[in-house]
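User: I would like to go through the labels attached to this model one by one. For each, please set the value against the criterion before drawing the conclusion.

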Amino acid sequence: MECAFDAQNLISISLMKIQSSRTQRGGIKLHKNLLVTYVLRNARQFYVSKNLSQTQRTHQYEDVAAVRERQDYFELPGSLTELADDFYCNFTGVESDTWHCGAHQHNGQPAEVAHQDASACAMLSPSDADLMVSEACWSCADKSPWELPIPNAQANQKTVLDLDTHVVTTVTNGYFHSDCCAPSKQLQGAQCYAKKRKVDTSYHIVDPEFYLPDFGPVPCKRMRTDDELHSDSDQLDSTNISNLISVLGSGGLSEFVSWQQTDLEQIFAAQTICLKHTLLTGSGWTRAIEAF
Amino acid sequence: MAGPGGDMQWCFSQVKGAIDDDVAEADIISTVEFNHTGELLATGDKGGRVVIFQQEIENKNLPQFRSEYNVYSTFQSHEPEFDYLKSLEIEEKINKIRWLPQKNAAQFLLSTNDKTIKLWKISERDKRPDGYNLKEEDGRYKDPNTITSLRVPVLIPMDLMVEASPRRVFANAHTYHINSISVNSDEETYLSADDLRINLWNLEITDRSFNIVDIKPANMEELTEVITAAEFHPHQCNTFVYSSSKGTIRLCDMRASALCDKQSKLFEEPEDPSNRSFFSEIISSISDVKFSHNGRYMMTRDYLSVKIWDLNMENRPVETYQVHEYLRSKLCSLYENDCIFDKFECCWNGNDSVVMTGSYNNFFRMFDRGQRRDVTLEASRENSKPMQVLKPRKVCAGGKRKKDEISVDSLDFNKKILHTAWHPQDNIIAVATTNNLYIFQDKVN
C-alpha cells in the first residue's frame, strides 16, 4: 500500500473528503467530517511548523517557542464552524444563527493580531514594497521585513489548494508564495520552498488581478491550458491563480464552492452550497474551495 | 481456539446471500442481531430490508446436530425518504436492530435508520377461520334477507404465515444521524442516540421522548466530539453508557438528574504519546460499546483494538486486545481509501469468556479472556463445506512470510467484517461479510 505521505497531501485529501461529503447520499456525516478536520488540523500544524522551522533556520530572527505558541491559533473548533454551519444548513436551519447556505461569514479580524507573513515579506526586496497593493499589508509598510513577527494564521493567511495539480500554496495578505511541489516530490517540498523563495520573488508579488475573498473580485483571468499546468506543475505564477483553490481561510470558516459558469444554476439550486458571487466574475476560476 | 481440552473448534454451518461477486448495494448487510433466546436471527441491510432467520430446534439433542437457520420473515422496514425542508435524502439503511424480550406469542423488534425508529411485530398465523355464512364465495356480503341461520366459523389449519406489521413509528426526534438503540431492562423504555443527543422513549408512546444527553455545544465552533454508541445496562434500568469519538466512555445514572450531561463515571485511557500520529484522533474513536451479560464489564472497539473495562475502574481498561496492529503503519493508505472510518462492532459470548470482532479480508478475531488466547478465522466461500473446520489464519506483518500466512499488502480491504453476533447461550456465531451472512458453530455444540 503505497501512499505519498506528506502533510500537504493529507491536507488536499482531507479537503476533498470534506468536499465530497457534501454530495453524499444521506447528508453530511458529522462524525466523519469531525475526524477529517482533526487530520486536517494535525497536518496543517505539522506543515506550518515544518515550514516555519525551515524559515527560522534560514533567517534566524524568530523565537521558535513563540512560533509554536502562536501556531496554537489553529484550533480545531474554529475550523469546524463551516462544517457545522453547513450541517446546520442541512439539519437545523432554524436553529443556526449563522445559517447562510452553508457559508460562515468571516469574523472581523482584530487589528492587533494582523501580522504579515514574515517569511513572505522577508523575501521581498525593499523595492518590491512598491508592488504591495494590498492595503491589508500594513505591517509591511510599517516595519522592515526583517522585523516582522511570525504569521498569525487567523489574521491573514490562507492555504490555497489547486485541485487539479494538488499544489499547495500559502496566501498571505495578498501575497502568495508557492510552498509546494507536486505531490510526487514529497519531502523535498521544504527544500523546494526555500529554493523558490530565493530565486523567484515573483511569487511574492501580489497580482492585482488575483482574487482574494477579502479584497474584492478579480477581472477575467487567462485560463491555463493543461499543457501549461503539466509543464511547470511545481511552479506557480500569477497565471495559475485561476486554478487555485483557497482552502484554509484565516479565522473562521468560509467554505464555498465555485464552479464554472455552466454549473451556476445547479449551484444556486443546491441550498447547501453557498456561492460567493464575487468569485464568479472571474471566468478564470475553475474550482475553488475555501474550507477553513 | 483449536485444540484438545474442550477448546472450541469452529465449523462452517451455513451461508446466506447471493453468491456472485457483483454486490448490489442494497444487499449490503448493515446489522446482525440474535434475539434473547437465540432462536431468531435478524439482519438489516442497506436497502432497508429486514430478514429474520429461525433456528430449527427439533433435532437439537442429537449429537450430530447442526443448527440450521432458515428464512422466517422478510419485510421492508424503512424506505428512502426526502426531507424537502432541508433538501436532504434520508437513507433507508438499517443502522441497528434490537429485539424486545418476548412476552407473548409474537416477537417484537426495533429497527432504525438515520432518523426513524420503528417497532415491528412479527407474528405467526397458522390457522384461518372458515365457514362464514354471511359472505359469498367471492367475498361479497349476502343479502341479509336470505340468511336464516348464524354459523360460527371454525379455525382450520393453514400453511404457516409470518406477518410483520409496524406497530409504532418513533419519528422526528433526531436532528443528527441515529447510531444506536438500546432496550432497557425495564422492558418499557428504550434509548436512541445520534451524534449529539440521546433520547429516552416509552415503547408505547411515539409522539414524545425525553432528551437525556445533549452534548451539542452552544457554539458549534466548540464541537470536539460526538456520540458514537450507547447502551443500557443489562440489569440496572437507571444506568446507561455512551461512547465518544474521542475514545471516552461515560456512564450515566438517570436517577441523578433529568439531563444526564454530567456523567457518573468517565472511562478514559491516556494516549500513548509514542503512538501519536496524524490519525490518532480517528483511531481512538470508539465504534461500538457493549456491556457484558453479567453487567460487570463493558467492551469497547476502536479502530485497532478491543478493550474490556471494569465498571469500577475508570482510568484504564482491564484488558486490551490488538485486533490488527499491523495496520498501524498503513493508516495513511487506510485514510485515503476511507477504510479508517470503518465502524467495527464487537460482541460477547454467552458467559462473557470470549469476545469477538471483525477485521479485513473477511477475517474475524476471537479473544478468549480466560485462556489468554486469540484466533483469526476467515469467512469465505472456499471454506464452506458443511461442518468444515475453520483453519486459523495468520497475517504476516513483516519479514519472511511463512507458508499459509498472508501478508498485510495482500489483504483485501474491500472485504470487511463489521457486524458479528454471538448466540446468547450456545456457541453459534453469525458473521456478516459485505452481502453474505455466515453461520458457524462449535464442533462440540
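User: Why is B:Arg98 called buried?

Analyst: In this predicted model, B:Arg98 has a relative accessibility of 12%, and because buried means under 20%, B:Arg98 counts as buried.

User: What makes the pair B:Glu33 and B:Arg98 a salt bridge?

Analyst: The criterion asks for a side-chain nitrogen of Lys or Arg within 4 Å of a carboxyl oxygen of Asp or Glu, and the closest N and O atoms of B:Glu33 and B:Arg98 are 3.1 Å apart, so the pair qualifies as a salt bridge. B:Glu33 lies in strand β2 (residues 29–34) of chain B and B:Arg98 in strand β8 (residues 96–99) of chain B, so the contact ties together parts that are 65 residues apart in sequence. By the same rule, the count over all chains comes to 35 salt bridges.

User: Which residues are joined into one network by salt bridges that share partners?

Analyst: That network consists of A:Arg25, A:Lys29, B:Glu89, B:Glu91 and B:Glu92.

User: How do you know that B:Asp338 forms salt bridges with A:Lys17 and with A:Lys32?

Analyst: The closest N and O atoms are 2.5 Å apart for B:Asp338 and A:Lys17, and 2.7 Å apart for B:Asp338 and A:Lys32; the cut-off is 4 Å, so each pair satisfies it. B:Asp338 lies in the loop between α2 (331–336) and β24 (346–348) of chain B, whereas A:Lys17 belongs to helix α1 of chain A, and the pair crosses between chains. A:Lys32 is in helix α2 (residues 30–59) of chain A, so its pair with B:Asp338 also joins two chains.

User: Are the three partners buried, exposed or partly exposed?

Analyst: B:Asp338, at 27% relative accessibility, counts as partly exposed, because that class covers values between the 20% limit for buried and the 50% limit for exposed. A:Lys17, with a relative accessible area of 11%, is buried, and A:Lys32, at 18%, counts as buried too, since buried means under 20%.

User: How do you know that helix α1 of chain A has the length expected of it, and what makes it largely enclosed?

Analyst: At 1.5 Å a residue, the 15 residues of α1(A), residues 7–21, should span 21 Å, and the end C-alpha atoms are 21 Å apart, so the two values agree. As for enclosure, 13 of the 15 residues are buried, so the helix is largely enclosed by the rest of the structure.

User: Why is B:Tyr141 called exposed, and what patch does it belong to?

Analyst: B:Tyr141 has a relative accessibility of 62%, and because exposed means over 50%, B:Tyr141 counts as exposed. B:Tyr141 sits in the loop between β10 (117–130) and β11 (154–170) of chain B, and together with B:Leu134 and B:Leu150 it forms a nonpolar patch on the surface, with about 370 Å² of accessible area in total.

User: What makes β10(B) and β11(B) paired strands, and why are β8 and β11 of chain B called edges?

Analyst: Pairing requires at least two bridges, and 13 bridges join β10(B) to β11(B), which run antiparallel; within this pairing, B:Leu119 stands opposite B:Arg168 in β11(B). The open sheet has the order β8-β9-β10-β11 (chain B), with antiparallel pairing. β8 and β11 each have a single partner strand, so one side of each is left without a neighbour in the sheet. Neighbouring strands of this sheet are turned by 25° against each other on average, direction ignored.

User: How do you know that β30(B) and β31(B) pair, and what makes both faces of β30(B) covered?

Analyst: Four bridges link β30(B) to strand β31 (residues 428–432) of chain B in the antiparallel sense, and at least two are needed, so the strands count as paired. In β31(B), B:Ile429 is the bridge partner of B:Trp422, and a hairpin through five residues joins the two strands. The faces of β30 (residues 419–422) are covered in that B:His419 and B:Ala421 on one side, and B:Thr420 and B:Trp422 on the other, are all buried.

Key: Residues numbered from 1 in each chain as written. Chains lettered and ligands numbered in written order. Predicted model: local features only at pLDDT ≥ 70, side-chain atom pairs only at ≥ 80, totals over all residues. Heavy atoms only, no water. Expected span 1.5 Å × (residues − 1). Buried < 20%, exposed > 50% of the residue type's maximum accessible area, 1.4 Å probe, protein only. Patch = residues over 30% accessible without salt bridge, like charges linked within 9 Å, V, L, I, M, F, W, Y side chains within 5 Å. Areas by Shrake-Rupley, 256 points an atom, 1.4 Å probe, with all protein chains shown as cover. Axes fitted to C-alpha atoms, helices over the stretch in contact; angles between N-to-C directions.
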